[in-house]
Amino acid sequence: MTYALGGVAGLILGLVIGYLKNLLLWKKYFRGENAPDADAGRVGDLYMRSMISFAVNVGAMALAFFTRELLPFDGIAYLVGTAAGLVVMNKALVFSQKKREARDAEKKEA
């Protein structure tokens, strides 16, 4: 049972951190993607956001690693759950972006 609790707790931590990261870091970038002044200068912004995103993921995993002994459930399951939560939120961001692009393409055709 401690494995399941650890996995669920880690999943919740990963989902929350991943959601906040995507909300605060990537949402504004994707909204401005189709701006008329979008140019090669956005590449530098993309690289910086990618590095920040990587640092947030590493920080989230470090947080889970250093707090795993303080929590009353299995630490390895907690780490795996945290990583899974971060991945799920990243995939959700990609899915929502693709959905938005398809909707915008339909609007242009109509």
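This report describes the fold, nonpolar cores, surface patch, salt bridges and selected residues of one protein chain.

The model is predicted, so that local features need pLDDT of at least 70 and side-chain atom pairs count only at pLDDT 80 or more, whereas totals for chains, interfaces and linings use all residues. Residues are numbered from 1 along each chain as its sequence is written, and side-chain values use heavy atoms, with hydrogens and water left out.

**Overall fold**

The protein chain contains three helices and zero strands, and its elements follow the order α-α-α from the N terminus. Helices (H or I, at least four residues) and strands (E, at least two) are DSSP runs, numbered from the N terminus. Along the principal axes, the C-alpha atoms occupy a box of roughly 55 × 30 × 15 Å. The radius of gyration is 17 Å, where a compact globule of 110 residues would have a value near 13 Å. That radius is taken over C-alpha atoms, and the globule rule is 2.2 Å times the number of residues to the power 0.38.

Of the 110 residues, 28% are buried. Here buried means under 20% relative accessible area, exposed means over 50%, and partly exposed lies in between (1.4 Å probe, protein chains only). Contact means heavy atoms within 4.5 Å. Among contacts between residues at least 6 apart in sequence, 74% join residues at least 24 apart. The chain exposes about 7,500 Å², of which carbon and sulfur atoms supply 70%. Accessible areas come from the Shrake-Rupley method with a 1.4 Å probe; for residues, only the protein chains shown count as cover.

**Nonpolar cores**

A nonpolar core is a set of buried Ala, Val, Leu, Ile, Met, Phe, Trp, Tyr and Cys residues joined through side-chain atoms within 4.5 Å. The largest one has eight residues: Leu-13, Ile-17, Ala-60, Ala-64, Phe-73, Tyr-78, Leu-79 and Leu-86. At least two of its residues come from each of helix 1 (2-31), helix 2 (41-67) and helix 3 (75-109). Helix 3 gives the largest share, three residues. Residues up to four places away in sequence aside, Leu-79 touches Met-61, Ala-64, Phe-65 and Arg-68. A second, separate core of five residues includes Leu-25, Trp-26, Tyr-29 and Phe-30. In soluble globular proteins, nonpolar side chains tend to be buried together.

**Surface patch**

Val-8, Ile-12, Val-16, Tyr-19, Leu-20, Leu-23 and Leu-24 form a nonpolar surface patch of about 660 Å². Patches are made of residues with over 30% relative accessible area and no salt bridge; like charges are joined within 9 Å, and nonpolar side chains (Val, Leu, Ile, Met, Phe, Trp, Tyr) within 5 Å. Leu-20, a residue of helix 1, is partly exposed at a relative accessible area of 41%.

**Salt bridges**

Side chains of opposite charge can pair when their charged atoms come close. A salt bridge is a side-chain nitrogen of Lys or Arg within 4 Å of a carboxyl oxygen of Asp or Glu. The structure holds two such pairs, listed below.

| Basic residue | Acidic residue | Closest N and O atoms |
|---|---|---|
| Arg-49 | Asp-45 | 3.2 Å |
| Arg-68 | Glu-69 | 3.6 Å |

Arg-49 and Asp-45 are four residues apart in helix 2, and therefore about one helical turn separates them. Arg-49 is buried at 14% relative accessibility, whereas Asp-45 is partly exposed at 29%. In the other pair, Glu-69 is exposed at 62% relative accessibility, and Arg-68 is partly exposed at 21%.

**Selected residues**

Tyr-29 belongs to helix 1 and is buried, with 9% relative accessibility. Not counting residues up to four places away in sequence, Tyr-29 touches Arg-42, Asp-45, Leu-46 and Arg-49. Both partners of one salt bridge, Arg-49 and Asp-45, thus appear among the contacts of Tyr-29. On the same basis, Arg-49 touches Leu-25, Trp-26, Lys-28 and Tyr-29. The C-alpha atoms of Arg-49 and Tyr-29 are 8.8 Å apart, with their positions 20 residues apart in sequence. Tyr-29 and Arg-68, 39 residues apart in sequence, are 34 Å apart in space, C-alpha to C-alpha.

Gly-10, also in helix 1, is buried with a relative accessible area of 0%. Its neighbours within four places in sequence aside, Gly-10 is in contact with Tyr-78, Gly-81 and Thr-82. The C-alpha atoms of Gly-10 and Gly-81 are separated by 4.1 Å, although these residues are 71 residues apart along the chain.
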